[in-house]
Structures are given as C-alpha cells and as structure tokens.
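Trainee: I am new to this structure and would like a close look at a single part of it, chosen by you. Could you take me through that part slowly and then show me how the rest of the chain is arranged around it?

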Amino acid sequence: MGVSGTLEYLSDLLAGSGKKKKKKQLNTVAVKIRMDCEGCARKVKKALSGVKVDVDLKQQKATVYGYVDAKKVLKAAQATGKKVEPWPYVPYTMVAHPYVAGVYDKKAPPNFVRATDDPAVVALNPVEEQYTLMFSDENPNACSVM
C-alpha cells in the first residue's frame, strides 16, 4: 500500500461510515449515432457534456471518456432524437473469418467488422490453424514450393 492508499484508508476509517462506497471505474464508451452534419455533431456533444467526448462524423461514432455508465451514455445520446446503438464494430484482425455473413458489414468503417460471439467465427478450429501454420512465412519448415 502506497502513501495515497494509506491516506485513503485512514480517511475512510475516520469517516466511520461503515458502508463502503463503490468507486466508479474510468470507462471508454463508444456509441454509433447517425450524424449528417456539424450541427448534429454539436448537438451530440452538448447532450453528452460534462465528460470528454470525441465525435467522428465520418464513422458516425461518439466516444465518451470518464467515470460514466454505458447505459446512462446511451440514454443521454438518445435524448438527441438520433438513432443510437452501442458501437458494434471490432477490428477485422480480431475475427478469424471476417467475411462470414453476419460479420461482414458494407456500412462498417474501413478495417472493421461487426462483433460476434459465435465461436466458429471468432477463432480458427484446429484444422484451419494447422493449415495456416503450414503455409506461414514465419514457419521455417513451411512448404517451399512457392
């Protein structure tokens, strides 16, 4: 326990509240919001004021940094009257099969695909992994026919 931890412990002890308060964690919440112009972006920033907000008009994405709850951010963003949903995309390198139906999305930003929980899409099965390693440039025993 460092100095700041010791001081925090002592202040809690002296407060004598008996109940421990839950500390909010620092979060990054990303939401997809339909925005057409700078006015829409300003409206979203105003609705999410009080915390650090980055708005990307091209990707139609608003990212909120701070001690926030994702549900409260979504509710505040919906107050703008715009179509709002949690950020549904992940980098395509995180998915083993990025062109499978349900994952590939034409409207996704470049190098992103829709997130999925399907284990058959997220990870390679042992046979696919074996073939991938067999023809890898990093494998010194790989096929040298090429």
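Mentor: Let us begin with Arg114, which counts as partly exposed because its relative accessibility is 26%. Please keep in mind throughout that this is a predicted model. The side chain of Arg114 meets that of Asp105 in a salt bridge, with 3.2 Å from N to O. Its partner Asp105 counts as buried, because a relative accessibility of 17% falls under the 20% limit used for that word.

Arg114 also brings us to Pro88, since the two are 26 residues apart in sequence and yet 5.6 Å apart in space, C-alpha to C-alpha. Pro88 has its place in the loop between strand E4 (84–86) and strand E5 (89–91), and with a relative accessibility of 11% it counts as buried. When its neighbours within four places in sequence are left aside, Pro88 is in contact with Val113, Arg114 and Ala115, and also with Lys32. Asn111 is found in the loop between E5 and strand E6 (112–114); its relative accessible area is 54%, and so Asn111 is exposed. The phi of Asn111 is near 65°, a positive value in a residue other than glycine. That is worth a pause, because most residues other than glycine have a negative phi. Gln60 is another residue of this kind, with a phi near 60°, and it lies in the loop between E2 and E3. Gln60 is partly exposed, with a relative accessible area of 24%.

From that loop we can step to Thr63, which is found in strand E3 (residues 61–66). Thr63 counts as buried, because its relative accessibility is 10%. Apart from neighbours within four places in sequence, Thr63 is in contact with Thr28, Val29 and Ala30, and also with Lys52, Val53 and Asp54. Two of those contacts, Asp54 and Lys52, also meet each other through their side chains in a salt bridge of 3.5 Å, N to O. Asp54 is partly exposed, with a relative accessible area of 33%.

E3 also leads us inwards, to the largest nonpolar core, which has 15 residues; Val31, Ile33, Leu48 and Val73 are those with the most contacts inside it. Two or more residues of this core come from each of strand E1 (27–33), helix H2 (38–47), E3 and helix H3 (70–78). Leu48 gives a good view of how such residues come together, since it touches Val53, Ala62, Val64, Val73, Ala76 and Ala77 when residues up to four places away in sequence are not counted.

Helix H2 itself can be read by its two faces. Its buried residues are Cys40, Ala41 and Val44, and because they cover an arc of only 100° around the axis, they are put on the same side of H2. The face turned away from that buried side carries Glu38, Arg42 and Lys46, which are exposed. What covers the buried residues of H2 includes E1, strand E2 (52–56) and E3.

Back to charged pairs for a moment: the count for this model comes to three salt bridges. Besides the two already described, the side chains of Asp36 and Arg34 meet in a salt bridge of 3.7 Å, N to O. Asp36 is exposed, with a relative accessible area of 53%, whereas Asp105, the partner of Arg114, counts as buried.

Towards the surface there is also a nonpolar patch of about 390 Å², made by Val127, Tyr131, Met134 and Phe135. Phe135 is found in the segment after helix H5 (126–134), and at 42% relative accessibility it counts as partly exposed.

Finally, we can place all of this within the whole chain, which has five helices and six strands. Along the sequence they follow the pattern α-β-α-β-β-α-β-β-β-α-α. Of the 146 residues of the chain, 23% count as buried, and the chain exposes about 11400 Å², of which carbon and sulfur atoms supply 56%. Among contacts in the chain with a separation of 6 or more, residues 24 or more positions apart account for 53%. The pair from which we set out belongs to that long-range picture, for Pro88 and Arg114 are 26 residues apart in sequence, and Pro88 is in contact with Arg114.

Conventions
Residues numbered from 1 in each chain as written. Predicted model: local features only at pLDDT ≥ 70, side-chain atom pairs only at ≥ 80, totals over all residues. Heavy atoms only, no water. Patch = residues over 30% accessible without salt bridge, like charges linked within 9 Å, V, L, I, M, F, W, Y side chains within 5 Å. Areas by Shrake-Rupley, 256 points an atom, 1.4 Å probe, with all protein chains shown as cover. Salt bridge = Lys/Arg side-chain N within 4 Å of Asp/Glu carboxyl O. Helix = DSSP H or I, 4+ residues; strand = E, 2+ residues; numbered from the N terminus. Buried < 20%, exposed > 50% of the residue type's maximum accessible area, 1.4 Å probe, protein only. Contact = heavy atoms within 4.5 Å. Core = buried A, V, L, I, M, F, W, Y, C linked by side-chain atoms within 4.5 Å. Arc of directions from axis to C-beta.
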